[in-house]
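I opened the notebook to look up one helix and the empty spaces of this model, and I put down what I found in order.

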Amino acid sequence: MSEEQDRRWDDLVERTRGRLGAMVEQFLARTMADPSYADSDLTAEDLRRASVESFTAILDSLRSDGTTSRLASIAKSVGTRRARQAVPLESLLRAVRLDFTVLWEHLAEPSCGADPALLVRNAGRVWSTVDEFAAHVQEHYLAEQLAIEQANADLQRQYLSQLLAPARPTEAALERIAGALRVSPHGNFCVAAVSRDDGVEVRRRIRGAARCAHTYFAYDMGHHTLFIWPTNEVALGRLSPPAKDLFADVAVAVAPVARGLARVRESASAAREIMIDMPMDSSDVATLSDRWRSVTRHLLAGVGCDLGQIVFPYLERCTDLERRKILETVSTYLETGSLGDTGRVLKCHRNTVLNRLNAFEKYTGLDVQRPYDAAAVIIALKWQGTRP
């Protein structure tokens with residue numbers, strides 16, 4: 001623009017500056033109508049002060065001799081504070097870009113005597129200034145949000161480490177941990193374990209979820225990632241539909257519900273044992289109800305207790321055919337729990353089934369019609385790879 005045009009533009013900017021109070025009030029009225037602002041920690045005083053500073057810096061930068069350095073400094077302050085105040089980024093950017101609408105309405109106000117041609121020539125300048133301001137606000141907002149998330153994650157890890165430490169936390173420590181995690185020490189908690197690689201994907205899904213019913217706490221332990229969250233469930237159960245979506249197509253071990261924060265340690269240990277026991281190619285949900293036989297076998301193996309030794313050596317006195325028939329009948333009976341159903345599956349008479357079960361008891365001393373003996377035989381057959 002020519003010097004004359006610059007002078008006329010600068011005069012218009014200064015006349016518009018005289019309407020600063022009206023611009024701020026108009027901006028506040030429109031912005032505070034956004035429920036996201038009302039629900040945040042932002043105060044009307046803070047918003048008013050920031051809008052005065054922003055409009056002033058924008059007007060300064062719009063002058064022919066103006067710079068955006070002051071505006072960049074304000075953008076850092078606004079972006080950082082709004083992240084700390086939990087104002088949603090979408091609402092923040094909508095408010096920042098509202099600066100353009102409000103400012104343009106006052107620049108074009110007839111009482112300011114603006115030349116339409118002058119406004120048209122400077123429209124791009126006004127928009128690019130506000131847009132650059134919005135870009136800087138977003139940049140600093142995201143940087144502060146990332147720093148807050150990292151700090152929160154570090155703090156969560158610190159308290160989760162105390163909760164899951166080998167030594168049980170004291171009552172006072174549990175109260176402190178519950179307060180830091182913002183959960184009830186007497187509430188119920190779900191605990192699930194996945195591999196560390198799958199844990200990265202589940203974390204991403206949690207961050208990307210529009211809204212989670214609960215806060216999910218993630219903690220890496222060995223080769224596994226534990227996820228802990230409050231629940232209204234009081235007993236062992238499958239994952240709720242929202243949680244199941246987060247763990248879709250992932251091998252996940254779900255422990256019995258921890259009834260109280262103090263029991264989370266035990267549930268975490270259970271989830272890891274179930275996870276260790278799951279097949280390598282699994283991509284489903286497993287609970288203790290699903291895996292208790294195999295987990296028991298695995299844990300007994302760790303201390304050298306082979307329950308197969310209370311069954312198979314005693315059957316060596318049988319012929320191969322008799323041993324096969326007896327084991328087939330015992331295995332089927334343990335699946336069905338019924339003499340009649342076993343006979344139908346094996347296509348033999350009920351008395352034949354009973355005779356084979358009696359033969360098993362004669363050789364081993366174990367009566368599979370008694371629950372106590374049946375449990376031991378189930379694990380013994382599992383150990384040997386015989387399907388119970």
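What span should the 19 residues of helix α6 (residues 89–107) have, and how far apart are its end C-alpha atoms? I noted that the model is predicted, with local features needing pLDDT of at least 70 and side-chain atom pairs pLDDT 80 or more, while totals for chains, interfaces and linings use all residues. Residues are numbered from 1 along each chain as its sequence is written, and side-chain values use heavy atoms, without hydrogens and water.

**Helix α6.** At 1.5 Å a residue, α6 should span 27 Å, and its end C-alpha atoms are 28 Å apart, which agrees; the expected span is 1.5 Å times one less than the number of residues. Helices here are DSSP runs (H or I, at least four residues). I listed its buried residues (under 20% relative accessible area, 1.4 Å probe, protein chains only), among them Ser91, Asp99, Phe100 and His106.

**Cavities.** I searched the whole structure and found two cavities of 30 Å³ or more, a cavity being a set of points on a 1 Å grid over the protein atoms alone where a 1.4 Å probe fits but cannot get out. The largest has a volume of about 120 Å³, the volume being the space filled by probe spheres set on grid points joined across faces, edges and corners. Of the 13 residues that line this cavity (an atom within 4 Å of a point), the closest to its centre include Phe27 and Val96. The elements giving two or more residues to that lining are α4, α5 and α6.

The second largest cavity has a volume of about 40 Å³, and α7 gives the most to its lining, with four residues.

How values were computed: Buried means under 20% relative accessible area, exposed over 50%, partly exposed in between (1.4 Å probe, protein chains only). On a 1 Å grid over the protein atoms alone, a cavity is a set of points where a 1.4 Å probe fits but cannot get out, and a pocket is an open set with protein on both sides within 12 Å along at least five of seven lines; lining residues have an atom within 4 Å of a point.
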